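Please look over the model below and read the report alongside it. The text moves from single residues to salt bridges, then to the chains as a whole.

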Number of protein chains: 2
Amino acid sequence: MKPKDTEAEILKAAEQEFMLRGFDGAKTASIARAAGVTHAMLHYYFRTKEQLFERILTDKMNLMGRSVLTAFGNPGLPLLERLKDGISRHFDFLVENPDLPRFIINEVFSRPERYEIMRKGVSRIIDKLMQNVQQELDSMAAQDEIVPVDVRMLMLDVVSLNIFPFITYPMIKPLLGDIAADRERFFEQRKAENIEVIMRRIKK
Amino acid sequence: MKPKDTEAEILKAAEQEFMLRGFDGAKTASIARAAGVTHAMLHYYFRTKEQLFERILTDKMNLMGRSVLTAFGNPGLPLLERLKDGISRHFDFLVENPDLPRFIINEVFSRPERYEIMRKGVSRIIDKLMQNVQQELDSMAAQDEIVPVDVRMLMLDVVSLNIFPFITYPMIKPLLGDIAADRERFFEQRKAENIEVIMRRIKK
DNA sequence: GTTTGTATTAACAAAATTGTTAGTCGATAT
DNA sequence: ATATCGACTAACAATTTTGTTAATACAAAC
């Protein structure tokens, strides 16, 4: 008589399994085992593997989309501070969700139509945010305080620098040696580096 | 009769299928169909799906590893020119192999032990290359021509900026609108942007 | 011309994976 | 008390996927 409980258990297990192995690599039996129920329950609550997956993917896409907005949508600060703060907050979000980008990138790649889910949710708001920042960039550039720059290119710089170390950490760790051995310390350094790179990109 | 022929056909088909769908998503029947043979042939030549996959993965990892070396291992130029040239050549390599990084990142993530294949091949040579560049960076910094910088951080900046647009193109294309609509032109702009970012990172 | 060896196929086998169903159990409402 | 209803299980079914094998074809070697 505790339906919410098992349903939540399945969702939790499915999230882990799908994030770790992707849609094709995840097995319903494995999800059921991790949730501590028979795999029939999974069909009872979600009909098919596909539907269970869509549920997880939608959640994760919304999380990913909102992360950019909440990181950079911090009004009241002067532009450069707001940028620094945004990079830092976006990076911190990735520390808490290190596997999220790789998961989404893969699932969108293997079925691009899935991206519509996300685009509809955040595209408009991001457009608005970008337009605002572009205006501020332009006015600062007009006053010779920074160099002129396209906000879309700048934001792509930011997310490239922020996300890439997380999706490649298993590979770069052995390559970089001692600098990457201590994971937490390494990511602290990367955050500082990324802010430095972006500030230098736009400062006179 | 013509053994090389069918074996090569299978390898070609397997490469496409594995690169597109990954190990879990790829099906041996689909590979065989694309190669124009029965799926028994695939086992005849390679015993198992796993062994066929290892063959492809090893090739791709060597390709990926060497790409960094050949791009930046261009002696005779002054450091800044060599860096620009390296970024450009590495980027051009990605234009020719846009799906390669995503494929390798995924397969290494899902089974990190696979990374040993690559590490053994290129790790030493990359270490050497990095040490050389670090020395040049240090001597230029000592003469106040550039700011001091750790080569490992700088190279991670470079590959982050270069690779990320390729692995996320299906996602960023709808987000960036007109700027990304023309794929070729977009990547031209990105290459210029990446060189600009890195130069600004180290210049006084 | 027979033997030998390799390439190939069709059919089969085994395992894994997803999905279904009939029926049980227990709480709640009537 | 019993009828009802949602949660649940075990067993089964269907399909997909990987791997095997016996038989065939055919060229080259002897």
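A:Ala34 counts as exposed, because its relative accessibility is 59% and exposed means over 50%. A:Ala34 belongs to helix H2 of chain A, which covers residues 28–35. The model is a predicted one. Where does A:Ala34 sit with respect to A:Gln16? Their C-alpha atoms are separated by 9.3 Å, and the two residues are 18 apart along the chain.

The matching helix in chain B can be read for its buried residues. Helix H2 of chain B also has the range 28–35. Its buried residues include B:Thr28, B:Ser30 and B:Ile31. B:Ala32 and B:Ala35 are buried too. After H2(B) comes B:Gly36. The phi of B:Gly36 is positive, near 75°.

**Positive phi outside glycine**

Arg47 deserves a look in each chain. A:Arg47 has a phi near 65°, a positive value in a residue that is not glycine. A:Arg47 lies in the loop that links helix H3 (39–46) and helix H4 (49–72) of chain A. With 63% relative accessibility, A:Arg47 counts as exposed.

In chain B, the phi of B:Arg47 is likewise positive and near 65°, again in a residue other than glycine. B:Arg47 is placed in the loop between helix H3 (39–46) and helix H4 (49–72) of chain B. B:Arg47 is exposed, and its relative accessible area is 64%.

**Salt bridges**

How many salt bridges does a search of the whole structure find? The count over all chains is 33. Three of them are set out here.

| Pair | N to O distance | Citation |
|---|---|---|
| B:Asp157 and A:Arg190 | 2.6 Å | salt bridge |
| B:Arg21 and B:Glu17 | 3.6 Å | salt bridge |
| B:Arg89 and B:Asp85 | 3.4 Å | salt bridge |

Take the pair between B:Asp157 and A:Arg190, whose side chains meet at 2.6 Å, N to O. This pair crosses between chains. B:Asp157 is in helix H8 of chain B, residues 151–167. A:Arg190 is in helix H11 of chain A, residues 183–202. Are these two partners buried or exposed? B:Asp157 is buried, and A:Arg190 is buried as well.

The pair of B:Arg21 and B:Glu17 stays within helix H1 of chain B, residues 3–25. The two are four residues apart, about one turn of the helix. Their burial can be compared with the cut-offs. B:Arg21 has 44% relative accessibility, so it counts as partly exposed. B:Glu17 is buried, because its relative accessible area is 9% and buried means under 20%.

B:Arg89 and B:Asp85 lie in helix H5 of chain B, residues 79–96. They are four residues apart, so about one helical turn separates them. B:Arg89 is partly exposed at 37% relative accessibility. B:Asp85 is also partly exposed, with a relative accessible area of 22%. Elsewhere, salt bridges with shared partners join B:Glu50, B:Glu107, B:Arg111 and B:Arg114 into one network.

**Chain A as a whole**

What secondary structure does chain A have? There are 11 helices and zero strands. From the N terminus on, the order of elements is α-α-α-α-α-α-α-α-α-α-α. The C-alpha trace of chain A spans about 65 × 45 × 30 Å along its principal axes.

Chain A has 204 residues, and buried residues make up 52% of them. Now the contacts. Among contacts in chain A with a separation of 6 or more, 66% are between residues 24 or more positions apart. The accessible surface of chain A comes to about 9,900 Å². Carbon and sulfur atoms account for 52% of that surface.

Charges come next. Chain A holds 31 positive and 30 negative charges. Their mean positions are 4 Å apart.

**How the chains relate**

Which rotation superposes chain B on chain A? The rotation is 180°, with 0.0 Å of shift along its axis, and the RMSD is 0.1 Å. That is the relation of a two-fold axis. Of the interface residues of chain B, 100% are also interface residues in chain A, so the copies meet through the same surface.

Definitions and conventions: Residues numbered from 1 in each chain as written. Chains lettered and ligands numbered in written order. Predicted model: local features only at pLDDT ≥ 70, side-chain atom pairs only at ≥ 80, totals over all residues. Heavy atoms only, no water. Buried < 20%, exposed > 50% of the residue type's maximum accessible area, 1.4 Å probe, protein only. Contact = heavy atoms within 4.5 Å. Areas by Shrake-Rupley, 256 points an atom, 1.4 Å probe, with all protein chains shown as cover. Lys, Arg positive; Asp, Glu negative; His and termini not counted. Charge placed at Lys NZ, Arg CZ, Asp CG, Glu CD. Least-squares fit on C-alpha atoms with pLDDT ≥ 70 in both. Salt bridge = Lys/Arg side-chain N within 4 Å of Asp/Glu carboxyl O.
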